[in-house]
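Here are my notes on the model you sent. Please read them with the structure open.

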Amino acid sequence: MTDFLWLYILLGVVLVVGLGSALVVPRLRRGRSDDGTTLAPPPSDVEDEPADAGAADQGTGTATAVLERPEPAAGRMVRLRDRLARSGSPLGARLLTMLSRDQLTEDDWDEIEETLLLADLGTGPAEELLESLRTRVRVLGVREPSAVRDLLRDELLKVVDPTLDRSLALDRPVVDGETKPAVLLVVGVNGTGKTTTVGKLARVLVAEDRSVVLGAADTFRAAAADQLQTWGSRVGVETVRSDRDGADPAAVAFDAVRTGAANDTDVVVVDTAGRLQNKAGLMDELGKISRVITREAPLSEVLLVLDATTGQNGMQQAKVFSEVAGVTGIVLTKLDGTAKGGIVVAVQRELGVPVKLVGLGEGPDDLAPFDAEDFVDGILGG
Amino acid sequence: MFNSLSDRLAATFKNLRGRGRLSEADIDATVREIRRALLDADVAVPVVREFTRAVRERALGAEVSAALNPAQQVVKIVNDELVEILGGQTRPLSLAKNPPTVIMLAGLQGAGKTTLAGKLALALKEQGHTPLLVAADLQRPNAVTQLSVVAQRAGVPVFAPHPGNTSAEDTDAVIGDPVGVARDGVGEARAKQHDVVIVDTAGRLGIDQVLMQQAADIRTAIDPDEVLFVIDAMIGQDAVSTASAFAEGVDFTGVVLSKLDGDARGGAALSVAKVTGRPIMFASTGEKLTDFEVFHPDRMASRILDMGDVLTLIEQAEKAFDAEEAEKMAAKVAGGEDFTLSDFLVQMQQMKKLGSMKKMLGMMPGMAQMREQIENFDEREVDRVQALIQSMTPAERDNPKIINGSRRARIARGAGQTTAAVNGLLDRFAQAQKMMRQMSSGGGMPGGGPGGMPGMPGMPGMPGGGKKSRGKQAPKKKVKGKSGNPAKRAQQEREAMQRALGGGGKKPAASGSAFGIGGDQSEAQDVENLELPSDVSKLLGGGR
């Protein structure tokens, strides 16, 4: 039989995909969306220049605009290089190389790349960042490795984008004239610190004078509900839990939200069981939890808890959890260790989901808002 | 975006066709791809550097130039090096001469120590030992409770004199006296004649001086026979610093890779093995207490290189498939009977039990060229097809020819889809059926020439049929050559587990001694036979 088992699997797969993709193809064309986010282009100030400013503007261009103040000569080379760098033509590229020799050795570049790789940024983003950095270095004619580091910091900061709104959406939504509690759903894979984060979050919210209800929808792990309840009781917060292990987590979550609504609570925080993103059944369960909650009140935030030690798999986690539960923010935990958590750069770039909170230690109040500059300095080992 | 190493290598090697040997530049290109694959798998940067250097050196040597197909040789070298590092020093759990054997668990927070304690206890219990769990994690709130629950599920006693942290707080302050608890635990085991003690300790960061000191103190106090370092398979570059901190702090003797059931490629395994030189002994592969197995260096190597993992696929299939049903189906196909839509429905339902279709396809070697299609494959399509078939009457399922216009309309309505979808399904099915017929009569896949692949009609943009058939033929042959393999493998697995847990006392001479060479080597040999063809097939498939 074992001989045929193989045949059997193979046939199944081929048939399923074959039949499936027949239906997929037409659908695909509709469903495709352009998700190709790329790095921000190099400085854009040049774009404001008049379009006719070719190489000719060195002498003659000024005649047309009497009031225009001529650009300082030093900047012209930069602009020329910049234009060459963007032209994309092979000639332009060669001219650029001739005009601006790379002053840094390959070793310097390797070192910079390794810094990024060591922070778990991933090869793709690291290469792209490096590429744009190289272009910038050429354009600006930078020679010092230290100056390159500063440029790198700028580039990274631009990717992390400190201006992004990273506050938690805690406004209470109004549904059919009724003010519902703001519902926070906390999701993630096993062992990233979801329950601890929920506990800490409850403390922060209580400190801000908000009333809180916790929902222990982790009915799987032994003693998870106890753990959450202990956190809650410390700050006098009610924990809605099931009286037995293995209850339907969606039901517990629903009860928590309903209790919150009935008590006119400000925020309901629902803790879920850790689940690996490749377990289809468990992800469906999560989908159910979020569906069921939305019956009672809309989800204000879905927080994905990512462990800072997580490597490239973090991207996969973020993707799958976003698909299933619509993640709106990331909590980066265990950032107090040696791990840098660079994967969130890739995640934010790809999915546009910002890091909202960071976990900095084991103390009960070690949950802090994300600070882009600190984070970037951490990645660069500063 | 994340295409696999095999894809990229195939692309690299495409230019090599017709040339007998690899030039230095070719090797550079190959090594660059390998480097990237390793980095994407989270292998630590310094380890990658060293590893690629070693591969380069070996590839440049006479070995390759003399070989017939150098491209395959490079991949083989990489695989060999990986297996060597990962499984170089596999050994069983060392049991104490005078019981109790003391096993201590250490690791970062959330690595899975407490769960692992339960799994290890259960596995040992099944081997006829009488383990005792000791709750020395007094730090995390309710860790003691969790361990007690886990112990209860595993049916082993737990020693927990201290309730641990129930004060709701993860504090920086040290709670209770974990050193004392651990020491008393060992004493308790001695008194009650347990022959194995498993000490669960608190999770700690490598840079936490106080807790690392505490772990070192526990180690001194109980003098364990094994210190197992539990590490999460999805850890990134931090693996090296963490592992070296623990190696220094508690001098662990073995590594357990946890959460290997995720889809992380697990490069950390390579980093840890390389940096610390300690063997990886077990893998933890699920949430149930029985999801615990001996570490397979060969499979890990394929996984890190993203080479597909046929063995795991077969194992999963075995677990999920109804053996009787499968046999019936296989007999049917072999007997030349027509494959009907109802057979297909049954099969599809069983396939769904295996989980994500994408994941499964990804595990099959030779599927690399279809990656694009796989990526775009919507899992819900399976449900749609199922809905279509379920809207047919049994007669229609057995004989699709009777489906006329009005039946089509009815089926479409029943499944909530368009008639076009029904037509599409029936068309493809007819072609698939033809393929099945050819296969059962020919005893193999239809011939390799382009155009000779009526069975792949559903693959838009399939770059030529020949490639495909080759990709498919190889794995089939492979299994045939090793028929009965899954059963044998399961047997081997049991034996390996027994050996690893030090339970192989009945036949100690051959396998129990010298680093478990006996059985493991034969397995390693199998791997070589097994693994290479898949690589070869891939290279062939991609290079054509």
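The numbered points below go through chain A, then the contact between the chains, then chain B.

1. Status of the model. This is a predicted model, and local features are discussed only where pLDDT is at least 70. Side-chain atom pairs are held to pLDDT 80 or more.

2. Chain A overall. Chain A contains 13 helices and 10 strands. Of its 382 residues, 54% are buried. Taking the contacts in chain A between residues at least 6 apart in sequence, 74% link residues at least 24 apart.

3. The sheet of chain A. An open sheet of 8 strands runs in the order β5-β4-β6-β3-β7-β8-β9-β10 in chain A, with mixed pairing. Its edges are β5 (238–240) and β10 (367–369) of chain A; each has a single partner strand, so one side of each lacks a neighbour in the sheet. From one strand to the next the twist averages 25°.

4. One strand pair in that sheet, and the helix over it. Strand β4 (residues 212–217) and strand β6 (residues 267–272) of chain A run parallel and are joined by 6 bridges. Within this pair, A216(A) lies opposite D271(A) of β6(A). Helix α8 (residues 224–234) of chain A lies across β4, β5 and β6 of chain A. The direction of α8(A) is at about 170° to β4(A).

5. T294(A). This residue belongs to helix α10 (residues 280–296) of chain A. Is T294(A) buried or partly exposed? Its relative accessibility is 41%, so T294(A) counts as partly exposed; the cut-off for buried is under 20%, and that for exposed is over 50%. In sequence T294(A) is 37 residues from V257(A), and the C-alpha atoms of the two are 9.4 Å apart in space.

6. Helix packing within chain A. Two packed helices are described by the angle between their axes and the distance between the axes. For helix α4 (residues 106–118) and helix α5 (residues 123–140) of chain A, the axes come within 10 Å and cross at roughly 140°. That angle makes α4(A) oblique to α5(A), and the crossing is right-handed. On the α4(A) side the contact includes W109(A), I112(A), L116(A) and L117(A), and on the α5(A) side it includes L129(A), L130(A), L133(A) and V137(A). E106(A) and E113(A) of α4(A) also take part, as do E127(A) and R134(A) of α5(A). By class, the contact has 9 nonpolar, 1 polar and 4 charged residues.

7. The same α4(A) at the other chain. Which helix of chain B does α4(A) cross? It is helix α3 (residues 45–60) of chain B: the two axes come within 10 Å and cross at roughly 125°. Here too the helices are oblique, α4(A) to α3(B). E114(A), L117(A) and L118(A) of α4(A) meet V45(B), P46(B) and R49(B) of α3(B). This contact divides into 4 nonpolar, no polar and 2 charged residues. L117(A) is thus listed in the contact with α5(A) and in the contact with α3(B).

8. The sheet of chain B. In chain B, 8 strands form an open sheet ordered β3-β2-β4-β1-β5-β6-β7-β8, again with mixed pairing. Its edge strands are β3 (158–159) and β8 (292–294), each paired on one side only. At the β8(B) edge, strand β7 (residues 280–284) of chain B pairs with β8(B) in the antiparallel sense over 3 bridges. V294(B) of β8(B) is the bridge partner of F282(B). Helix α7 (residues 143–154) of chain B packs on the sheet and touches β2 (131–136), β3 and β4 (196–201) of chain B, with its direction at about 165° to that of β2(B).

9. Strand β6(B). In a regular strand the side chains alternate between the two faces of the sheet. In β6(B), G254(B), V256(B) and S258(B) point one way, while V255(B) and L257(B) point the other way. How many residues of strand β6 (residues 254–258) of chain B are buried? The count is 5 of 5. Strand β5 (residues 226–232) of chain B pairs with β6(B) in the parallel sense over 5 bridges, and V230(B) stands opposite V256(B).

10. Helix α12(B). In helix α12 (residues 297–304) of chain B, 7 of the 8 residues are buried, so the helix is largely enclosed by the rest of the structure. Among the buried residues are D298(B), R299(B), M300(B) and I304(B).

Technical notes:
Residues numbered from 1 in each chain as written. Chains lettered and ligands numbered in written order. Heavy atoms only, no water. Pairing = 2+ DSSP bridges. Helix = DSSP H or I, 4+ residues; strand = E, 2+ residues; numbered from the N terminus. Contact = heavy atoms within 4.5 Å. Axes fitted to C-alpha atoms, helices over the stretch in contact; angles between N-to-C directions. Parallel < 35°, antiparallel > 145°, perpendicular 65-115°, else oblique. Left-handed = near helix turned anticlockwise from the far one by under 90°. Nonpolar A, V, L, I, M, F, W, Y, C, P; charged D, E, K, R; others polar. Buried < 20%, exposed > 50% of the residue type's maximum accessible area, 1.4 Å probe, protein only.
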